[in-house]
Amino acid sequence: MTARIYSPARNAMQSGTAKTGRWLLEYEPERPREIEPLMGWTSSGDMKSQLRLWFDTAEEAVAYATRNGIAYRLEQPHAPKRRGMAYADNFKFNRVGQWTH
C-alpha cells in the first residue's frame with residue numbers, strides 16, 4: 001500500500017496562511033468504495049484509508065515512511081499566484097470593464 005505525502009492547500013474559506021505549512025501522510029485506497037445495497041451508504045473494508053498523519057516538515061514524514069517500510073509518493077506544493085491590486089484600481093480611467101453603479 002502506498003502513501004501520499006503532501007502539504008494541503010488552504011480551502012476557499014480561509015484568507016490567511018495559518019496551518020498551511022504542515023505535511024500530511026495519507027494512504028492511497030487499495031480498492032474502490034462500495035455502495036451498500038440496502039441503505040445506499042458508501043463503505044470500504046480498507047481501514048488505512050481513514051488514517052491521516054500530520055507532520056511539521058516533509059523530511060519528518062519521509063523519515064516516518066522509510067522507518068516503517070511504507071512506500072510513499074512525495075508531492076511538492078504549488079506556489080499560489082498572487083495578484084497585487086489596489087482599491088484605487090477599481091476607479092481608473094483606463095479600466096478594461098466599465099464601472100457602473
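This short presentation describes a sheet, the helix packed on it, and several side-chain contacts in a predicted model.

Good morning, colleagues. I shall begin with the sheet. It is open, it has 4 strands in the order 5-2-1-6, and its pairing is mixed. Strand 5, residues 52–55, and strand 6, residues 71–74, are the edge strands, and each of them pairs on one side only. From one strand to the next, the twist averages 25 degrees.

Let us look at strand 1, which covers residues 2–6. With strand 6 it runs parallel, and 4 bridges join the two. As an example of this pairing, threonine 2 has alanine 71 of strand 6 as its bridge partner. Strand 1 is also joined to strand 2 by 4 bridges, and here the two strands run antiparallel. In that pairing, alanine 3 has tyrosine 27 of strand 2 as its bridge partner.

Which strands does helix 1 touch as it packs on the sheet? Helix 1, residues 58–67, touches strand 1, strand 2 (23–27), strand 5 and strand 6. The direction of helix 1 makes about 160 degrees with that of strand 6.

I turn now to the aromatic rings. The count comes to 1 aromatic pair. The pair consists of phenylalanine 55 and tyrosine 64, with ring centres 5.6 Å apart; their planes stand at 45 degrees, so the pair is tilted. A tilted pair has planes neither under 30 degrees apart nor over 60. Are the two partners buried or partly exposed? Phenylalanine 55 counts as buried, because its relative accessibility is 13% and the limit for burial is under 20%. Tyrosine 64, by contrast, is partly exposed, with a relative accessible area of 24%.

Two further tyrosine rings have a charged group over them. Arginine 4 places its charged end over the ring of tyrosine 6, at 3.9 Å from the ring centre. Lysine 48 lies over the face of tyrosine 27, and here the distance to the ring centre is 5.2 Å. Tyrosine 27 is the residue I named earlier as the bridge partner of alanine 3.

My last topic is serine 7 and proline 77. Serine 7 is found in the loop between strand 1 and strand 2, and it is buried, with a relative accessible area of 15%. Its side chain reaches the backbone oxygen of arginine 22 at 3.2 Å. Leaving aside residues up to four places away in sequence, serine 7 touches Thr20, Gly21, Arg22, Trp23, Glu75 and Pro77.

Proline 77 belongs to the segment after strand 6. At 45% relative accessibility, this proline counts as partly exposed. What does proline 77 touch, residues up to four places away in sequence not being counted? The answer is Ser7 and Trp23. As for tryptophan 54, it is 23 residues from proline 77 in sequence, and the two lie 15 Å apart in space, C-alpha to C-alpha.

To close, I return to the sheet: its strand order is 5-2-1-6, and helix 1 packs on it. Thank you for your attention.

Conventions. Residues are numbered from 1 along each chain as its sequence is written. This is a predicted model: local features need pLDDT of at least 70, side-chain atom pairs count only at pLDDT 80 or more; totals for chains, interfaces and linings use all residues. Side-chain values use heavy atoms; hydrogens and water are left out. Two strands pair if DSSP finds at least two bridges between them. Axes are lines fitted to C-alpha atoms, for helices over the stretch in contact, and angles run from 0 to 180 degrees between N-to-C directions. Contact means heavy atoms within 4.5 Å. Rings of Phe, Tyr and Trp (its six-membered ring) pair if their centres lie within 6.5 Å; planes under 30 degrees apart count as stacked, over 60 as edge-to-face and the rest as tilted. Buried means under 20% relative accessible area, exposed over 50%, partly exposed in between (1.4 Å probe, protein chains only). A charge sits over a ring if NZ of Lys or CZ of Arg is within 6 Å of the ring centre and within 35 degrees of the ring normal. A polar contact is a pair of N or O atoms within 3.5 Å; within protein, one must be able to donate a hydrogen and the other to accept it, and residues adjacent in sequence count only if both atoms are side-chain atoms.
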